[in-house]
Amino acid sequence: MKIHEYQAKEILRRFDVAVPNGGVAFTPVEAEKVARNIGGDVWVVKAQIHAGGRGKGGGVKLARTLAEVRGLASKMLGMRLVTHQTGPEGRVVKRLLIEEGINIAKELYVGITLDRSRSQNVLMASTEGGVEIEKVAAETPELIFKEYIDPALGLRPFQCRRLAFRLGLSGDTLKSAVKFFSALYRAYDSIDASLAEINPLVLTKEGNVLALDAKMNFDDNALYRHSEVVEMRDLDEEAPLEIEASKYNLNYIKLDGNVGCMVNGAGLAMATMDIIKLAGGEPANFLDVGGGASVETVSNGFRIILSDKNVRAILINIFGGIVRCDRVAAGVVEAAEKLSVSLPVVVRLEGTNAKEGAEILRRSKLNFVVAETLQDGAEKVTRAIAA
């Protein structure tokens with residue numbers, strides 16, 4: 001789950017992570033009021049959407065008078081902001097973050113996430129703040145410094161100091177950075193985040209260390225422990241079909257292709273999309289229906305896939321480990337009849353009672369194509385679209 005920048009900063013404040021003074025506004029009048037309460041003579045008006053690159057897209061502006069704050073808010077609210085992460089369709093801006101202007105002396109980067117290859121959280125920092133960290137990682141990986149965190153010990157003070165030294169910090173600025181890193185990790189760990197990214201982390205001319213921007217993502221499986229985070233969910237920033245799928249505990253992500261995919265297991269779903277690509281097709285979605293794959297689950301999966309008007313054929317790939325393939329096949333037939341599925345449907349079953357399941361599909365009067373292998377299924381579904 002993702003949240004807005006202003007929400008991430010609200011969380012960070014609770015853990016004593018230094019952030020600029022600011023507040024959220026939903027109207028131009030509220031924007032001016034927030035700026036007046038902040039005080040000073042320079043403010044930043046920042047569009048709030050779940051995407052990076054807002055500054056380049058015109059979603060971050062400086063204002064030097066309260067009237068200018070109100071004017072910029074009037075222009076930004078309701079605008080369709082297009083960035084490299086939104087795609088050409090962009091996102092409609094419905095809220096703004098108004099913050100105090102900062103005297104920036106230097107921009108850095110710091111982030112925490114899980115390194116799955118090592119089963120450890122990793123604290124990363126770089127002198128290349130304010131730019132896309134993915135570009136830095138690809139072109140100059142030596143400029144990203146890492147400290148791996150032992151889950152039994154947590155982030156140790158010496159690791160924070162070592163990272164600050166590698167960033168070239170010293171004196172009071174180094175001490176402030178060490179305090180910042182420690183507080184950021186406490187926030188990340190306590191709230192079950194999957195990502196906490198500060199880009200840029202700024203050193204001010206007054207010698208302060210601040211999170212000028214903040215991004216936080218959360219582990220969906222841990223949200224039951226954090227009702228306050230769940231309340232921050234902004235459905236306007238999520239795809240309608242993904243919202244619908246979440247109501248039925250289906251893991252669904254919409255893509256741009258035309259081959260609908262229904263698979264039980266996240267890893268198998270990824271492999272299925274890969275082999276569709278290798279066969280010359282384009283997956284329309286990631287859909288993991290889970291281990292059970294009941295009639296209700298399959299029916300909901302069908303309905304969500306069919307709601308995507310780009311889908312021209314469906315590939316169902318089921319491994320019968322926890323669930324029996326004959327039961328899945330019966331569920332597929334029942335769901336397809338219930339929803340009057342007319343698109344070509346290719347089904348590949350493997351595992352417990354796979355032969356019995358294939359026979360159930362063949363005996364049905366529906367438009368099923370039974371595949372022998374995953375490669376066979378991918379080739380048949382792409383041929384069905386080309387026919």
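**Group meeting: helix packing and burial in a predicted model**

Buried residues make up 49% of the 387 residues in the protein chain. Buried here means under 20% relative accessible area, exposed means over 50%, and partly exposed is in between, with a 1.4 Å probe and protein chains only. A word on the source: this is a predicted model, where local features need pLDDT of at least 70, side-chain atom pairs count only at pLDDT 80 or more, and totals for chains, interfaces and linings use all residues. Residues are numbered from 1 along each chain as its sequence is written, and side-chain values use heavy atoms, with hydrogens and water left out.

Overall layout. The protein chain has 13 helices and 18 strands. Those are DSSP runs, numbered from the N terminus: helices are H or I with at least four residues, strands are E with at least two. The C-alpha trace spans about 75 × 50 × 40 Å along its principal axes. Now contacts, meaning heavy atoms within 4.5 Å. Take those in the protein chain between residues at least 6 apart in sequence: 67% join residues at least 24 apart.

Start at the N-terminal end, with helix 1, residues 5–14. Seven of its ten residues are buried, so helix 1 is largely enclosed by the rest of the structure. Which ones are buried in helix 1? Glu5, Tyr6, Gln7, Ala8, Lys9, Ile11 and Leu12. Just after helix 1, Asp16 takes a positive phi of about 65°.

Next, a loop. Thr65 sits between strand 3 (60–63) and helix 3 (66–76). Buried or exposed? Thr65 is partly exposed, at 39% relative accessibility. Its C-alpha is 9.2 Å from that of Ala35, and the two are 30 residues apart in sequence.

Then a strand. Asn199 is in strand 10, residues 193–204. Asn199 counts as buried, because its relative accessible area is 17%. What does Asn199 touch, leaving aside neighbours within four places in sequence? Leu108, Tyr109, Gly129, Gly130, Val131 and Asp213.

Now helix packing. Two packed helices are described by the angle between their axes and the distance between the axes. Axes are lines fitted to C-alpha atoms, for helices over the stretch in contact, and angles run from 0 to 180 degrees between N-to-C directions. Angles under 35 degrees count as roughly parallel, over 145 as roughly antiparallel, 65 to 115 as roughly perpendicular, and the rest as oblique. On handedness, a crossing is left-handed if the near helix is turned anticlockwise from the far one by less than a right angle, and right-handed if clockwise.

Pair one: helix 5 (residues 157–166) and helix 6 (residues 171–190). Their axes come within 9 Å and cross at roughly 130°. Helix 5 and helix 6 are therefore oblique to each other. The crossing is right-handed. Helix 5 brings Cys160, Arg161, Leu163, Ala164 and Phe165, and helix 6 brings Leu174, Ala177, Val178, Phe181 and Ser182. By class, that contact of helix 5 with helix 6 has eight nonpolar, one polar and one charged residues. The classes are these: Ala, Val, Leu, Ile, Met, Phe, Trp, Tyr, Cys and Pro are nonpolar, Asp, Glu, Lys and Arg are charged, and the others, Gly among them, are polar. Cys160 is buried, at a relative accessible area of 1%.

Pair two: helix 10 (residues 295–306) and helix 11. The axes come within 8 Å and cross at roughly 45°. So helix 10 and helix 11 are oblique to each other. This crossing, too, is right-handed. From helix 10 come Val295, Val298, Ser299, Phe302 and Arg303. From helix 11 come Gly331, Val332, Glu334, Ala335, Ala336, Lys338 and Leu339. The contact of helix 10 with helix 11 divides into seven nonpolar, two polar and three charged residues.

Pair three: helix 11 (residues 325–339) with helix 12 (residues 354–363). The angle is about 20°, and the axes are 7 Å apart. Helix 11 and helix 12 are therefore roughly parallel. Their crossing is right-handed. Cys325, Asp326, Ala329, Ala330, Val332 and Val333 in helix 11 meet Ala354, Glu356, Gly357, Ile360 and Leu361 in helix 12. The contact of helix 11 with helix 12 counts eight nonpolar, one polar and two charged residues.

Last, the cysteines. How many disulfides are there in the whole structure? Zero, where a disulfide is a pair of cysteine sulfur atoms within 2.5 Å. For Cys325, the nearest cysteine sulfur is that of Cys261, 18 Å away. Cys325 is buried, at 0% relative accessibility.
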